[in-house]
Every structure is written in structure tokens, then in C-alpha cells.
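Q: I have a structure open and don't know my way around it yet. Can you take me through some parts of it?

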Amino acid sequence: MNQPEFPESARVVVIGGGIIGCSVAYHLADLGCETLLLERDQLTSGTTWHAAGLMTTYGSISETMLEIRRYSRDLYAGLEQETGQQTGFAQVGFIELAADADRLEEQRRIAAFNRYHGNEVIELSPSEVAGLFPLADVDGIEAGFYSPQDGRINPVDVTMALARGARMKGARLMQNTPVEDVLIRDGEVQGVRTALGDIRCETVVNCTGMWARQLGEKSGVCIPNQAAEHYYLITDDIPGMMKDLPILEDPSLYAYFREETGGLMIGLFEKDCVPWNVERIPGDFSFGELPPDWDRMTPFLEGAMGRVPVSMETGIRKFFCGPESFTPDLAPVVGESPEVRNYFVAAGLNSVGIITGGGLGRLLAHWIVDGRPDVDITGINIDRFHPYQCNPDYRRRRAFESLGQVYQCHYPDKPWETARGAKRSPFHDRLAARGAYFRDVSGWESPAWYAPEGHEPVIEKYSWGRQNWFPWWQEEHRACREGVILMDMSFMGKFLVQGRDAGGYLDYLSANAVNGSAGRITYTQWLNQNGLLEADLTVIKFDDERFMVVTSDTAHRHTSAWLHRHLDRERHAFVTDVTSGYGQLNVQGPRSRELLQSVTAADLSNEAFPFRAVGEIDVGLARVICVRITYLGELGYELYIPSEQAVHVYDILAAAGEKVGMRHAGLRALSSLRMEKAYRDYGHDIDNTDDPYRTGLGFAVRLDKPGEFIGKQASIARKAEAPWSERLVQVLVQDPEPLMHHGEIVLRDGRPVGEVRAASYGHTLGGAVGLAWIHGSHSVDTPFLESGDWEVDIAGRRYPARVSLRPLYDPGMERVRA
């Protein structure tokens, strides 16, 4: 590849010449965007060159990641014809083994989701698996799941094809040009600095793989990926080896198998991995290997070889160890950084960079050119991470677990176990003494449920069904419906917005009218110019110059970035993150007023303190912000307590609660209670591809309020599109036994018409309940939903269901407002 003359500028500079960087450059150039790719060494150096070359679409219950994989496969299949560069793509098929009952249920759930989204998946008997992969010992196998359209690819060749395609479309690619820094002014990208000189640009895309964190930290950008050892073994030639042998994956043995130049490749994702160079990845590491740890890996190798016995009788050609980059939650780091405008990232691919490279390149290119992503990015957006996750100790601890999670059975309630305790609410020790079982909630230790006296807060056995804590969760749920509960919600993000223009600014951001009377809380969405959701939150107005925005833990940094980036210098408004300054206790249930009134001199009667009221009240020696609001469908209050007084207030409430039967409740109860009432949760059942009308949130859009708000004109147009052929509806399984979690398929008259986005168990309704995205041929309205036979596919079995636009649990707002 001839090196072009050193450029002075480009619209977009892509940093890194692996599969991701070349894909981003290819897709930007395809959109007509002036693009320059800079690679510190040679294309594919780092990790791309030693990738295993799997090209599998099967395996995800995420529409975004599934479509990214499918797009990648289809792109790679046509690249050779487009560019003349071979890619090595071979559609040999892929088989996922289920070696026990729990993995069988998991794979049946995944298979149903994949089929709904157009992936052919065939469930195989053990003998049918053996027919397709004769080398395998299928003893102990429950089933196999065969995806015939999947296959393998040559990682170097496909990267070179993308690079050639990018150049053909007008992009410039420069090798041996390391980027030393990104140039920033006023929080916005201005260019990049190289050893050969500076280059002006509008946008930077950090595609530097395991170096992404180090480059990002120079600009204050948080990218918490960590390199770890990753292994595969290649055997000598095996007589009779078929070149078109399908890829075989057995997660129970932490292994995958495929043909490799007449032998067998055995790849491993062992349950406990070893991070590599936590402090710093060497800048000159390019096509290097790591010395394999035979002692540590031999037990995993022996287990894997037992699935293909001939491998134990064959010589070893190569035992390879090389670094791969992993993230704290096993999802990629994608998108515009919340710290610096126009600083985009695509890194932390968790060993699926080849599989997802094509689709991620397309996503980033459209995001940069169009100004917004065109798929749901809430689960992969870079702004879900926090700076402490870049700490060496955090990365060292979490990386030990991350790689091993790839092949674990992904139970819905299995928590992360490493790097815990980073954030604790003021109430933590008190709640632990009450039997709390804590989960990692965006780094916070938050109770999921409470074990009653005489029981330990442990999960005895992970399961897709009911676990030992199910009845305790049920009691917490019922206590809210019938009595009163206390819930720690300190993890919620809280932002103080102050100044003469604070009210007008927040009204401009909000679809609802949030700058009305003082002492009120307002539920609202924040939209982009296309009328699509960016946030789902509440705004408290204390007075004309002081407001508080309260958002979910997962949307914390996204909310912060949105607040700061739309605040121009002419406005007299100031944003302060006060999350750590307040402990938050929610008191909810029919007896919540009775409990609170017993500990304060403030008048909490309905006349003095109506629904949506906000005021400062006394509790013992503390002053507490009290908000009358509910997310659970009952009379309730949120208490924001100065951190230094939080335990004092808790002790008073706990003592007073004994008299009214107050029960502590965790996040499982929060989920089931809000799901019965069909309350939405951004990032779970609504996302950035949705608008308020199709998701049932149009009531919170005030098109008639004075002045403009972001997305107003688009919202007018979207509202006029009614009736809508796609809508978010509530679904209730009529059989009380099965559980829904996420991704189950909804059928009408035997035909798939939607998927469950989020679900829980409705202890009041008597069955699994969720929110599902439903497609209709014309209008998804009440007549459509009340006709036909509705079912939900749960792990391959269909159950009768009821669907509704209105909440199936609805005691009436009189009960909430009374």
C-alpha cells in the first residue's frame, strides 16, 4: 500500500487499522465523508491478525447485536466481488451445544429470538449433531442448535478487503503513523497530533483496540477495556478432516472447535482468566504472542479435547496465547464520549471484533454523518461507564471474571462477583443487617431482595425458574400493595440545575411542561430533533431558580452529557451532580402516609401535600426533601436526605415502621411492581429508537406549551401518523408457572408479531408480566389486541397470554392521589 502525502486536514480521522477501524473508514467513505485512517504500525496489527475467524450470528438476545452480526456476515460475503480481495468467507454452519437442562432452556430462548429476527436455527438431536460433526462425542448432550448460514472468515483478508474498499471509495489510509494525542479546545475535537505533525479534523474515532483506554485517558475519556490472555490450540493434520466441517461450540467445556488447515482449532474461554499488562499496554506490541501457561490451561484443554476425542491422539501444531480486550459488562464500548464532543469510540469488542466489525462500522459511520444512531445503543453506549472503572484495581479484578462469562450459562439473576463494593449508599450496613442480598447496580451495592430472619441472603442455585428467594420477593411485593415498604434508591442520578435561566432551559430540554408552579415534580421525556427518546426522568422545581433532575443509574452520564451539551454560554444556568450528596429512601404503599406522618410535624394530608407535591420536611434532627410520587402504582413518597443525616433518618423510619408492619423491599420488587403498572424504564423497555407516542408516553408531551422544545416539530409529525402499526403493550401470561425475562416471542393466531423487551412476575396479577413491542399489519389498537389468540413462546413452549394498551393492574389514580 503506497503511503499518501501527509495531509493537513480531514473531516474524520479514524485511529487504528484493525477490523473495526477499517470498517469505520469503509462505511464513512461509502457515505461520502472525507476520511483519513491512521495506523501506528501495519494494518491488522494488535489483535485482528490472530483472531480465530468465526463469523457467527447466532447467540444473542439483543436485536442490536444480532443485526450488527447479520450485517457483518452479509457484508463480508460480498466484499470479495466488490473489491477483488479475498476474504476467506466459508458458510460452513455453526452448532451450539446444550449439555444440560439449564443450557437447553437458554438456547431455546435464544433460538426463538433469532428465528423471529430472521435467523434460521434448527434444533438438533445428539445423533443429528454427530451427523454434522462426526468427530464429536455427543454423550451427555441434550441438543444442538444449528445455524447453517454462519461460518468462518480470514480476519486478515477481510480487513484488507475493507481497507481496499475504503480507498476505492475515497478514504486515505496511512500506516506507520502513530497518533500521539487528540487535540481538543472548549471540550470539542480539533484534530490529532502525530510524530509527523498535526492534522485538523472535526471528528475522531478511537478504534485502537486494547490501546483505546490509554489514548482515551489523555483526553479525559473513560474507556474501561482491559486486555486478557486468550488461547487457542491447533492440532496437526487429522486424517479425513473435512474443510467444510461446521463450527462447534460447547460452552459447558469453555471451548469451540473448527477446521484449521487440515487440523482442528480448539479455542478456549476459560472461566477464570488472566489480565495482561493492567498498568499499560506496550506501544510497540504489534504481531506478538504471549508465552502460554500450560499448567493453568491443561485442565481446560483436556476437558475440551474430550468432546473431540481424536484431538487427544493428534500432535499439537501450535498452542497460541495472545491478548484480547474485554469490558466490565461484556458489551462493546461504542459511541460519542460524554467528556469530549465528536470524540467517538469503537473498542472493547470482547473477542467478537470480527463477528461484529462490519455492523459496528456501519453504525458509527451513520451516527457521525447523521448526528444520531439508527439502532438501539442503550446497552453498548460508551456513556454507561464511569471513570472509576478505568482504575487499575477495578480492571484487574473484573477482567479476571469477564472472559469467563462468555461461556457461562447466562442466568437472568446471576450477578457480577468481582470488583464489588465500589459504591455504597449511606444505608448499606443497616440494610445488610436486615438480610439484604446485594447486586451491582452501575457500581452501587443495591438490595435485590431481603432474606427473612433465620435465613441467609444467598442464591442456593441459579435457575431460569423460581429460586429460593421467590417467596421472599413475593412478600415484599404484597407489602407494597397492601401495607408499606422502604426501598433504598440512592443509586438514582441527581442533578441540581440553578440560575435565572434554569427553568426555561429545562423546559427547552423537556417534552412536558416542567417550569410551572414551584414545589412540584414533573415526569417528562427528553427528545432529540427527530422526536426520539434520549431520556425518561423527573424534574423537581423547588423555586424559580432551583431545580433537580432525577434520572436512572444507567442513564446517569447520558443525562449529564445532554444537560451540559445543550447549555449555551448565554444562559444563566449551572449544572451540579449531587448524586453523592443525598441518600434516597422511597416509602411506598397504602400505609406510607401513615408511616411518614408519624415521624414529621409537616402536614402530609392530601389537601396540604397532594400528588406531585415537593417540600422540605422535618424528620428527627434532619431536614428532608419529600416528594409525593410513585413508580409502583401506590400512594408513595421519595425522600432525598443529606448524606450526613441519612442513617439518622433511616433509623427513625425503621423504628416507626415496626408499628405499621413496614417491610424492606429490593429491586426485584421494584421491577415486579412497576411492571404490573406498565411503567416504562429507559434502556430496558424503551430506547433511543422509540418515540413517546408508540410507547404510550404521549400524555407527557405538551405540544401546547409556550415556546419550542427539542423535538417539538418532529413530535407533531409523529403524533399525526396515528394510528400506529407498532406499539409497546403489556403482556400477561395466563399460566402462573412460567417466568419471562427478556426476548420472549409474542404470537397472535400462531404468527409471531412481537417480542418482550422487559419482564418480571406479577404477584398481584398472578403470572409473568412484561412490556412487548408489537407489530400489526395496520393499527395496533384495542380491537386488534382484544381479538385473536395471543401466546408467548417461552423456551420453545407456547403459553396463552393477554395483551393490553392499558395497565392490567390499575387500582385507579384515586388510590395514588388520595
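Q: Which residues form one aromatic cluster with Trp449?
A: The cluster joins Trp449 with Tyr437, Trp469, Phe470, Trp472, Trp473 and Tyr761. Rings of Phe, Tyr and Trp (its six-membered ring) pair if their centres lie within 6.5 Å; planes under 30 degrees apart count as stacked, over 60 as edge-to-face and the rest as tilted. This is a predicted model, where local features need pLDDT of at least 70 and side-chain atom pairs count only at pLDDT 80 or more, while totals for chains, interfaces and linings use all residues. Residues are numbered from 1 along each chain as its sequence is written, and side-chain values use heavy atoms, with hydrogens and water left out.

Q: How many aromatic pairs does the structure hold?
A: There are 26 aromatic pairs. One of them is Trp449 with Trp472, a tilted pair at 5.7 Å centre to centre and 50° between the planes.

Q: Where in the chain are those two?
A: Trp449 is in strand 22 (residues 444-450) and Trp472 in helix 11 (residues 470-482), 23 residues apart, so the pair links distant parts of the chain. Helices (H or I, at least four residues) and strands (E, at least two) are DSSP runs, numbered from the N terminus.

Q: Buried or exposed, those two Trp?
A: Trp449 and Trp472 are both buried, meaning under 20% relative accessible area; exposed is over 50% and partly exposed is in between (1.4 Å probe, protein chains only).

Q: What lies over the face of Tyr761?
A: Arg466 does, at 5.1 Å from the ring centre. The cut-off is NZ of Lys or CZ of Arg within 6 Å of the ring centre and within 35 degrees of the ring normal. Arg748 lies over Phe784 in this way, at 4.1 Å.

Q: Switching to helices. Where is the kink in helix 8?
A: It is centred on Gly359 and is about 35°. The bend at a residue is the angle between axes fitted to the seven residues ending there and the seven starting there.

Q: How many of its residues are buried?
A: In helix 8, 15 of 18 residues are buried. Just after helix 8 comes Gly371, with a positive phi of about 90°.

Q: And sheets: what order do strands 9, 10 and 11 take?
A: The order is 9-10-11, in an open sheet with antiparallel pairing. Strand 9 (179-185) and strand 11 (197-200) are at the edges with a single partner strand each, so one side of each has no neighbour in the sheet. Two strands pair if DSSP finds at least two bridges between them; strand 9 and strand 10 (residues 188-194) have 6.
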